[in-house]
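Here are some notes on the charged side chains of this model, set down as numbered points. Please read them with the sequence and the coordinates open.

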Amino acid sequence: MSALTSPPTTSGSREKISRRRGWRAKTAGVVLAALALTTAVAAPAPAAANPYERGPDPTTASIEASRGSFATSTVTVSRLAVSGFGGGTIYYPTTTTAGTFGAISIAPGFTATQSSMAWLGPRLASQGFVVFTIDTITTSDQPDSRGRQLLASLDYLTQQSSVRSRIDSSRLGVVGHSMGGGGTLEAARSRPSLQAAVPLTGWNLTKNWSTLRVPTLVVGAQSDTIAPVASHSIPFYTSLPSTLDRAYLELRGASHFAPNTSNTTIAKYTLSWLKRFIDNDTRYEQFLCPIPSSSLSISDYRGNCPHNG
């Protein structure tokens, strides 16, 4: 028989060959299934959506708008009904289907009342925050007192107010003008669990804030003669830890009282900072990093990018 000629195949040998082929097919199937399972287990799970995001994807137009996507309402809080601060006005989103919201208290400056900051209340609330513009116990209260009053107002807001069920008490921030801005720094240093602080043309005799641990946006005004940036806002900013999420925004040609009337630059960067750190909403990072360039409205902007928080 030629070596190139295959031997005849009997029915028994054909059956054995068939069984071997079937076994090999099953084995290959088991191996492929195991590999598929291993791949499925090893594959990382998709990142969970941020549960604190509120509102549609932001755009330059939306953060510069005088109102956001949420309808709002107000609650007036009498100074006779509270202790530790002078009452105020709560602005809040009316929806009951969007979950809870972060909350912010805003303090006015020396000799001023909540009315001086009233424009910012509904503007921030309509973007998805509960906002409390407060009166101080007296209009001459100093920054350390204003800081304590900001914290007292947050405690009232989250524990006693009629809108407390709408608030996530772990997501709170403070904003203030002039001595209220100085009070914002005081409050943030006293309560490091706060998520964000924004002093607006702040005034404070204390210049060193190296122990502060709350992400802070310092807003100064280039032509401020009451709290000149060289002796207030810039030292506040530079004293903050370099490892902290921090920024300094200087309003070109603006006076000390720029925060007392509707101001698009103040609103858009305050909103972006609060969204980024109170809501951990990285959709707003685009407006803070890369660092904004000088413009007709900004004479100086400094900060650390990208942000850590």
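**Notes on charged residues**

1. The model is a predicted one, and the points below should be read on that footing. To begin with a single acidic residue: leaving aside neighbours within four places in sequence, Asp 224 is in contact with Thr 201, Ala 254, Ser 255 and His 256. Asp 224 itself is placed in the loop that runs between β7 (216–221) and α6 (233–239).

2. Which side chain of opposite charge is nearest to Asp 224, and how far away is it? That side chain is Lys 207, at 11 Å, and Asp 224, although buried, has no salt bridge. The cut-off for a salt bridge is 4 Å between a side-chain nitrogen of Lys or Arg and a carboxyl oxygen of Asp or Glu, so Lys 207, 11 Å away, does not qualify as a partner. A polar atom of the Asp 224 side chain does, however, lie 2.8 Å from the backbone nitrogen of Ile 226.

3. Elsewhere the picture is one of paired charges, for the count of salt bridges in the model comes to twelve. One of them joins the side chains of Asp 57 and Arg 283, with an N to O distance of 2.9 Å. This pair links distant parts of the chain, 226 residues apart: Asp 57 belongs to the loop between α1 (11–42) and α2 (60–64), and Arg 283 to the loop between α7 (264–278) and β9 (298–303).

4. The two partners of that bridge deserve a separate look as regards accessibility. Asp 57 has a relative accessible area of 59% and is therefore exposed, whereas Arg 283, at 14%, counts as buried.

5. Arg 283 also meets the side chain of Asp 281 in a salt bridge, at 2.8 Å from N to O. Asp 281 is buried, its relative accessible area being 0%. Through salt bridges that share partners, Glu 53, Asp 57, Asp 281 and Arg 283 are joined into one network.

6. A bridge within a helix may be set beside these. Asp 144 forms a salt bridge with Arg 148, and their closest N and O atoms are 4.0 Å apart. Both residues lie in helix α4 (residues 143–159), where they are four residues apart, or about one turn of the helix. Asp 144 counts as partly exposed, with 38% relative accessibility, while Arg 148 counts as exposed, with 53%.

Note on methods. Residues numbered from 1 in each chain as written. Predicted model: local features only at pLDDT ≥ 70, side-chain atom pairs only at ≥ 80, totals over all residues. Heavy atoms only, no water. Helix = DSSP H or I, 4+ residues; strand = E, 2+ residues; numbered from the N terminus. Buried < 20%, exposed > 50% of the residue type's maximum accessible area, 1.4 Å probe, protein only. Lys, Arg positive; Asp, Glu negative; His and termini not counted. Polar contact = N/O pair within 3.5 Å; in protein donor to acceptor, adjacent residues only side chain to side chain. Contact = heavy atoms within 4.5 Å.
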